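Work through the exercises below with the model open. Try each task before reading its solution.

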Amino acid sequence: MEKRYLLPEMKEDDNITNDDCWEEIDDIYDHLLNKLVLYYESSDSIFEGGSNAMPHIYEQVLLFQEAFLDEKHPEHKRAVAEWRAVLAIMALQRIRNVKLEVVKVDLTGNNNNPFLKAAAFFRPEDSPVFYQTTWDFLYIICMQGTPIALCSPITVVCPSKMFRKKISHLDWITIEKVNGADELIFNFRGKGYEYANMVLWMQMLSKKLSCSNSGNGMIYHNYDKVMKQLNRYIEEYSKEADLEIDTLFKKNIYDNMNNSVRKEYQFLNNCCDIYLENAKENIDKLEEIDSKKLTYTDHYGALKKAENGFGQQADYKYIMI
């Protein structure tokens, strides 16, 4: 029998015609699970379809990690493409002028909000794969106020439902069908700078990630799968990158992460900093300036202003990469 990856159809053999059919049961939740089994309506992807019944709070997280970790899953390549896109946007947010923020959601149960209490009760039982992650709270990654992903203890990040549509306004990154398979496509207009910054950021992320429990076979197995995907990502785009350039990383960029005592997900609390394409050719000019403060437009002349439009004052040592 062919293995099914989509959730099964809802049962249709319960014909409720009047109140006489109701009976008292001890465990309401188990009854609901048995009678209201979810299935997905047809669509291009399980990440875009709708559900016919009561949704699970962590539905997207559970569906995504299954598709991402199983290479035989029919949606595996789509999951990998979206996962790569989230990391690329996080890495290049300042260089490509994308406004990101993270919103912290407390799932410890110590909250009077009914929804958050329910979310805390139904937290996945999967042990975190990565050190410095937790199910006790999640960070939702928002782009200009719209949720596009969240931090995940299993896969580092998890794209939101309708992710491809939510990033469709970005002209430098898309997810398209190539020979029938979903692939991540970049449009950097032939420049290697963005690739280099992205690859160097991924390399830094790879060094910071560690397994939460290497002695647990299943946990380490999933850790190894995620790390192989990350290293494959780095290897593929290293070929496109001008790795002779240096780069800077801006740290502690998310206020909600900075305010966290436990410091979970700190390995994502940074991005590539803005840069000037011709800075290497003008090192001598910059050294003559010493400690003066400049804007990008009042001195550089031949130094082209960074494409992202940031024009704040900065010490030359800050922008020299």
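Buried means under 20% relative accessible area, exposed means over 50%, and partly exposed lies in between. Keep in mind that this is a predicted model.

**Exercise 1. Place D182 and classify it as buried or exposed.**

Step 1. Find the element. D182 sits in strand β6, which covers residues 181-186.

Step 2. Read the accessibility. D182 has a relative accessible area of 8%, so this residue is buried.

Step 3. List the surroundings. Neighbours within four places in sequence are set aside here. D182 then contacts K77, R78, A81, R164, I175, E176 and K177.

Step 4. Pick out polar partners. The D182 side chain makes a polar contact of 3.5 Å with the side chain of R164. Another polar contact, at 3.3 Å, links the side chains of D182 and K177.

**Exercise 2. Decide which kind of charged pair K177 and D182 form, and compare their exposure classes.**

Step 1. Apply the cut-off. A salt bridge needs a side-chain nitrogen of Lys or Arg within 4 Å of a carboxyl oxygen of Asp or Glu.

Step 2. Check the pair. K177 and D182 lie 3.3 Å apart, N to O, and their side chains form a salt bridge.

Step 3. Classify both ends. K177 has 55% relative accessibility, so it counts as exposed. D182, at 8%, is buried.

**Exercise 3. Analyse the salt bridge between E82 and R78.**

Step 1. Take the distance. The two side chains meet at 2.6 Å, N to O.

Step 2. Locate the residues. Both belong to helix α3, four residues apart, or about one turn of the helix.

Step 3. Assign exposure. E82 has a relative accessible area of 0% and is therefore buried. R78 is buried too, because its value is 2%.

**Exercise 4. Repeat the analysis for K228 and D224.**

Step 1. Take the distance. The closest N and O atoms of this salt bridge are 3.2 Å apart.

Step 2. Locate the residues. K228 and D224 are four residues apart in helix α7 (residues 217-238), so about one helical turn separates them.

Step 3. Assign exposure. K228 stands at 49% relative accessibility and counts as partly exposed. D224 is partly exposed as well, with a relative accessible area of 25%.

Step 4. Look for a network. Salt bridges with shared partners connect R123, D136, R262 and E264 into one network. The whole structure holds 11 salt bridges.

**Exercise 5. Describe the four-stranded sheet and the helix across it.**

Step 1. Set the order. The open sheet runs β1-β2-β3-β4, with antiparallel pairing.

Step 2. Name the edges. β1 (100-106) and β4 (156-159) are the edge strands, each pairing on one side only.

Step 3. Give the turn. Neighbouring strands of this sheet are turned by 30 degrees against each other on average, direction ignored.

Step 4. Inspect one pair. β3 (residues 146-152) and β4 run antiparallel and are joined by four bridges. C151 stands opposite V157 in β4.

Step 5. Add the helix. Helix α3 (residues 76-92) lies across β1, β2 (137-143), β3 and β4. This helix runs at about 115 degrees to β4.

**Exercise 6. Summarise the whole chain: how many helices and strands are there?**

Step 1. Count elements. The chain has 10 helices and 10 strands.

Step 2. State burial. Of its 321 residues, 45% count as buried.

Step 3. State the surface. About 17,600 Å² is exposed, and carbon and sulfur atoms supply 48% of it.

Definitions and conventions:
Residues numbered from 1 in each chain as written. Predicted model: local features only at pLDDT ≥ 70, side-chain atom pairs only at ≥ 80, totals over all residues. Heavy atoms only, no water. Helix = DSSP H or I, 4+ residues; strand = E, 2+ residues; numbered from the N terminus. Polar contact = N/O pair within 3.5 Å; in protein donor to acceptor, adjacent residues only side chain to side chain. Contact = heavy atoms within 4.5 Å. Buried < 20%, exposed > 50% of the residue type's maximum accessible area, 1.4 Å probe, protein only. Areas by Shrake-Rupley, 256 points an atom, 1.4 Å probe, with all protein chains shown as cover. Pairing = 2+ DSSP bridges. Axes fitted to C-alpha atoms, helices over the stretch in contact; angles between N-to-C directions.
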